[in-house]
Amino acid sequence: MKKNFLYIALAFMSASFMTTSCSEDELSPESVITVDKSTFEENDLDRWLTANFLDPYNIQIKYRYEDNESNMSYYEVPTTIDDANILAHILKYCCIEAYDATVGINFTRANFPKLFFFTGEWRYKNNGSFVLGTAEGGKKIFLLGTRYLTPILEGKKGYGDFNFENGPDIVKNLNHYYLKTIHHEFTHILNQTQPYSTSFKLITADSYVSDTWNAAPNNTGYLGRGYISAYAQQEDREDFAETMALYVTNSADQWEAWMKEAATNTNSGGKTGRQLIEQKLSVVRDYMQKCWDIDIDLLRSEILKRQGDVANGTVDLKDLTIN
């Protein structure tokens, strides 16, 4: 009975989102809610995922709703097959293959998480923020909010009542909501395998703010305090992952613009925000090079090229041809 209620609630919630955001949406005749794996037939997307993730990397992509892969603390909305297809293509082209090209496929096979689970909506928290993705146990990554992918790729400023952080800028929105999240969570997984130096935490040891990072005054002026994002202020673990992810997914010009803004404030220790962030970046760079043989500048160049390909529409994000 409990399961039936859950499925009804999910179906109702999904319908509500579609009603308020796009009156022309139609319900798909194919279910993405799975109770028993034996109850669904393999489709073209399943076969493509096997050929492009499972066979070469031993990575499983789950996009059908499953109780045991969901977080009951949040309202979970299943993704659609079309949205899952687009995100899988972006994950493969902009992330997995970027590491293949930079450090080799053997690294990717050995270290990339073996399970990705997609859902349609963000996970909203009581402090007004929402979760874009999570990593669990060094083995799986949850990627959320797939329903916003198509509007972002179409260069829209928002979807329904939700306004995108960067207006119609495709690359910046892909970074903000998806790509940065993937690289951020993958960084956590690498850190779980090989810890980074404790010197990183000491750079701004006295100014981490835990869960109040999203509240005033912490949600502004963070660059001047030595943090690359507001979320980086939560703890050193998130700070490290944010520094890495934002560096490799943004251009040198964007990074320099942030550094110029960070240089306008001096903390109580006499260092500017720029000096603190650059000190952190140095630790990140050394860690990635020494522990994983990754040149983060080469990785960034590869990622930026691939992001541009996606934004320019030169990559077919729906093609399910199996070579």
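**Exercise 1. Describe the surface and the overall make-up of the chain.**

Solution. The accessible surface of the chain comes to about 15,700 Å², and 50% of that area belongs to carbon and sulfur atoms. This value, like every other one in these exercises, is computed from a predicted model. Turning from the surface to the interior, we find that buried residues make up 50% of the 323 residues. The next step is the secondary structure, which comes to eleven helices and eight strands. Finally, we look at contacts between residues with a separation of 6 or more, and here 69% of the contacts join residues 24 or more positions apart.

**Exercise 2. Work out how the span of helix H8 compares with the expected one, and whether its residues are covered or not.**

Solution. Begin with the extent of the helix: H8 runs over residues 236-249, which gives 14 residues. The expected span is 1.5 Å times one less than the number of residues, and for H8 this comes to 20 Å. From the first C-alpha to the last, H8 reaches 20 Å, close to that expectation. As for cover, a residue counts as buried when its relative accessible area is under 20%, and 13 of the 14 residues of H8 are buried, so that the helix is described as mostly covered.

**Exercise 3. Classify the aromatic pairs that Phe162 forms with Tyr148 and with Tyr177, and state which parts of the chain they tie together.**

Solution. A pair of aromatic rings is described by the distance of the centres and the angle of the planes. The whole structure holds 23 aromatic pairs, and one of them joins Tyr148 and Phe162, with 4.9 Å from centre to centre and 40° between the planes, a tilted arrangement. Tyr148 lies in the loop between strand E6 (140-143) and helix H5 (149-153), whereas Phe162 belongs to strand E8 (residues 162-163), so this pair ties together parts that are 14 residues apart in sequence.

For Phe162 and Tyr177 the ring centres are 5.9 Å apart and the planes meet at 65°; because planes over 60 degrees apart count as edge-to-face, the pair is edge-to-face. Since Tyr177 lies in helix H6 (residues 170-193) and Phe162 in strand E8, the pair ties together parts that are 15 residues apart in sequence. Tyr148 and Phe162 are both buried, and Tyr177 is buried as well.

**Exercise 4. Find the charged side chains that sit over the rings of Tyr148 and Tyr227.**

Solution. Over the ring of Tyr148 sits the charged end of Arg147, 5.2 Å from the ring centre. Over the face of Tyr227 lies Lys280, at 3.8 Å from the ring centre.

Conventions:
Residues are numbered from 1 along each chain as its sequence is written. This is a predicted model: local features need pLDDT of at least 70, side-chain atom pairs count only at pLDDT 80 or more; totals for chains, interfaces and linings use all residues. Side-chain values use heavy atoms; hydrogens and water are left out. Helices (H or I, at least four residues) and strands (E, at least two) are DSSP runs, numbered from the N terminus. Buried means under 20% relative accessible area, exposed over 50%, partly exposed in between (1.4 Å probe, protein chains only). Contact means heavy atoms within 4.5 Å. Accessible areas come from the Shrake-Rupley method with a 1.4 Å probe; for residues, only the protein chains shown count as cover. Rings of Phe, Tyr and Trp (its six-membered ring) pair if their centres lie within 6.5 Å; planes under 30 degrees apart count as stacked, over 60 as edge-to-face and the rest as tilted. A charge sits over a ring if NZ of Lys or CZ of Arg is within 6 Å of the ring centre and within 35 degrees of the ring normal.
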